[in-house]
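The exercises below ask you to read contacts and confidence from a structure; work through each task before turning to its solution.

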Amino acid sequence: MVKRAVTKRRRRPESTSHQHEGGRCLHILRELSAFIDDELSNNICGEIRRHLGACPRCEEFVASLRQTVSLCRRSPAPVLSPNDRARMREKILAAARAR
Amino acid sequence: MAPSRQSHSSDGHPASSHGEADTFDALYRDNIDLMYRYASRLCGETEAAKDLVQETFLNAYRGFKNFRGDAQISTWLYTIASRACLRMRRRRKGAPERELSLDEFIPTSDGEFRLQIPVEGLNPEDALQNKQLREALDTAIGKLPKKYKMALVLRDMEGLSAKEVGAIMGLSERAVKSRLHRARLFVRRELSARGLAEDTVSHQGKSIT
């Protein structure tokens, strides 16, 4: 079901400094939202923190994910004008009565 | 669970003898801004958002007598709006819903780990003063397949808990969290790769199509 993304990507890591440490990065990348949302057990949180401390790339990854979530949280929402609010109410009531 | 009908007691109980119109007015007045905000975030443009709000309140008007009061009114309305949104989009487009594979987001290069969102040194409010960034965020959210978009909008923009989002979308908390994570990873990649300020963004990352 899941496509192997790797086959689509030709770009390979240019440096070998980042070892995936037996899949630890992969494992951690799956947990980063739960990590940001503080939903993980202390044990797993500790493991992730230790990994982040030792792995600048994952550290940067989580920083950009945090920024993304912050932007979503603070993104302004449009507001209806009082006129639009009243007009819409009339339309809804008219439609409710018509059907 | 909190019997939220009581939250409308300032204008009488919604099912009181004031009649349907009064009941509707209380419901409308208390929730119109919330629903318009949600609809705008889901639809991305004004007219579609207004259509969705109208459809939502029309369905709420008709369905109020069936509302059992075992959920908050806002949760009930979010649910109606979400279902209406799924129906409206299907009618208009009929494009199949894409799955976002987690593998799609697993970085395979240094550049992909290090995609930067150009908000360095700014708090989110200040960063969002930047029109390009705001537009890129809206565009990224707009590109999300809708079941991921709903999870992201409800959780990260409307501020609901994973449990509430699960109730609205008919999903387990676990499924909500999984969708949310993929949605966030998608938006992160879109935002960074958009090159909001072309000169400040590294182009090491692969381009997104």
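**Exercise 1. Describe how domain 1 of chain B and domain 2 of chain B are placed and how they meet.**

Solution. In this predicted model, the C-alpha centres of domain 1 and domain 2 of chain B lie 25 Å apart. The contact between them draws on 12 residues from domain 1 of chain B and 10 residues from domain 2 of chain B. The bounds to look up are 20-91 for domain 1 and 102-202 for domain 2, as the domain assignment of chain B gives them.

The next step is the buried area. Between them, domain 1 and domain 2 of chain B bury about 1200 Å², and 64% of this lies on carbon and sulfur atoms. On the domain 1 side, B:Arg41, B:Leu42 and B:Tyr78 lose the most area to domain 2 of chain B, together accounting for 42% of what that side buries.

**Exercise 2. Which polar links cross between domain 1 and domain 2 of chain B, and which elements of domain 1 of chain B take part in the contact?**

Solution. Begin with the charged pairs: the rule finds two salt bridges across the interface of domain 1 and domain 2 of chain B. In a salt bridge of chain B, the side chains of B:Arg37 and B:Glu158 meet at 2.7 Å, N to O. For polar contacts, the count between the two domains of chain B is five residue pairs, with both residues at pLDDT 80 or more.

Then assign the domain 1 side to its elements. Helix H1 (20-43) and helix H3 (73-92) of chain B are the elements that give two or more residues to the side touching domain 2 of chain B, and H3(B) supplies the largest share, seven residues. By class, this side of domain 1 of chain B has six nonpolar, three polar and three charged residues.

**Exercise 3. Characterise the interface of chain B and chain A by its residues, its buried area and its polar links.**

Solution. Count the residues to begin with: 58 residues of chain B are in contact with 47 residues of chain A. The two chains bury about 5100 Å² between them, 61% of it on carbon and sulfur atoms. B:Thr108, B:Phe113 and B:Arg184 supply 14% of the area that chain B buries against chain A, which is more than any other three residues.

Turning to the links, the rule finds eight salt bridges across the interface of chain B and chain A. B:Asp33 forms a salt bridge with A:Arg85, with the closest N and O atoms 3.2 Å apart. The interface also has 14 residue pairs in polar contact, both residues being at pLDDT 80 or more. Among the elements that give two or more residues to the chain B side are H1, helix H2 (46-63) and helix H9 (173-193) of chain B. The residues on that side divide into 28 nonpolar, eight polar and 22 charged.

**Exercise 4. What does the salt bridge of A:Arg73 and A:Asp37 tie together?**

Solution. The side chains of A:Arg73 and A:Asp37 meet at 3.5 Å, N to O. Because A:Arg73 lies in helix H4 (residues 56-74) of chain A, and A:Asp37 in the loop between helix H2 (24-36) and helix H3 (42-54) of chain A, the pair ties together parts that are 36 residues apart in sequence.

**Exercise 5. Where in chain B is the pLDDT below 50?**

Solution. The mean pLDDT of chain B is 80, and 79% of its residues reach 70 or more. The pLDDT is below 50 over residues 1-17 of chain B, a stretch that has 32 contacts in the model beyond near neighbours in sequence. It is also below 50 over residues 197-209 of chain B, where the corresponding number of contacts is 19. The model as a whole scores ipTM 0.78 and pTM 0.79.

Conventions
Residues numbered from 1 in each chain as written. Chains lettered and ligands numbered in written order. Heavy atoms only, no water. pLDDT = per-residue confidence, 0-100. Contact = heavy atoms within 4.5 Å. Domains from an automatic or database assignment. Buried area = accessible area lost by both parts, 1.4 Å probe. Salt bridge = Lys/Arg side-chain N within 4 Å of Asp/Glu carboxyl O. Polar contact = N/O pair within 3.5 Å; in protein donor to acceptor, adjacent residues only side chain to side chain. Helix = DSSP H or I, 4+ residues; strand = E, 2+ residues; numbered from the N terminus. Nonpolar A, V, L, I, M, F, W, Y, C, P; charged D, E, K, R; others polar.
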